[in-house]
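Here are some questions a careful reader might put to a structure, with the answers set against the definitions.

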Amino acid sequence: MSTKRKSFLALEHLSFTYPVYPGLPSGPVFSGLSLSLPAEELSMVLGRPEAGKTTLSRIIAGLIPRHTGGALQGRVVIPGLAGGPTEPQDMLEYLGIVSQDADEQIIMTRCDYEAAFALESLGMPRAEMRRRISAAFEIMGLSGFQERNPSRLSGGEKKKLLLSSLIALDPPFWILDET
């Protein structure tokens, strides 16, 4: 009897090329990439600078090519999302991402609002949101930061805020891009 683990995410023959821009190199960022990430395990994608790690994370999150253009071939398969992701907001329950640059990701003017953003999008009751955010802030050492403006935080505190948001959301798959 096999105890084979069910994968949470699979990439099947993924290839991506950004649009051609004058003065920038062209060609595929990667081609024919296939992998399966098992549930409940830590997996790392390692590569040299400019190898496509951030591009890959944004493809998985449904942001590329939607916001960049380019040619994407292959499939991202996520159990629970029949046919794969269609919109980035479809991913909220399944995947959270912390970008390399926290400033490009933080959009709210209070830390608790930032942590609540995805939870509100899912229609979570306010009492449950407050409980989750408070617990997440405590885990990350941000107790008392709820009313602070994220633009006034240090770089490390901004990363902790984004991680707190993921802890509160509790998706099964996290992407930490150079975090």
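Helices (H or I, at least four residues) and strands (E, at least two) are DSSP runs, numbered from the N terminus. This is a predicted model, in which local features need pLDDT of at least 70, side-chain atom pairs count only at pLDDT 80 or more, and totals for chains, interfaces and linings use all residues. Residues are numbered from 1 along each chain as its sequence is written, and side-chain values use heavy atoms, without hydrogens and water.

Q: What makes up the secondary structure of the chain?
A: Five helices and five strands. From the N terminus on, the order is β-β-α-β-β-α-α-α-α-β.

Q: How do you know that the radius of gyration of the chain agrees with a compact globule?
A: The radius is taken over C-alpha atoms, and the globule rule is 2.2 Å times the number of residues to the power 0.38. For 179 residues that gives a value near 16 Å; the chain has 18 Å, so the two agree. The C-alpha atoms fill a box of roughly 55 × 45 × 25 Å along the principal axes.

Q: Why is Tyr 18 called partly exposed?
A: Buried means under 20% relative accessible area, exposed over 50%, and partly exposed in between (1.4 Å probe, protein chains only). Tyr 18 has 30%, so Tyr 18 is partly exposed. Tyr 18 lies in the loop between strand 1 (7-17) and strand 2 (30-38).

Q: How much of the chain is buried?
A: Buried residues make up 35% of the 179 residues.

Q: What share of contacts with a separation of 6 or more joins residues 24 or more positions apart?
A: The share is 64%, where contact means heavy atoms within 4.5 Å.
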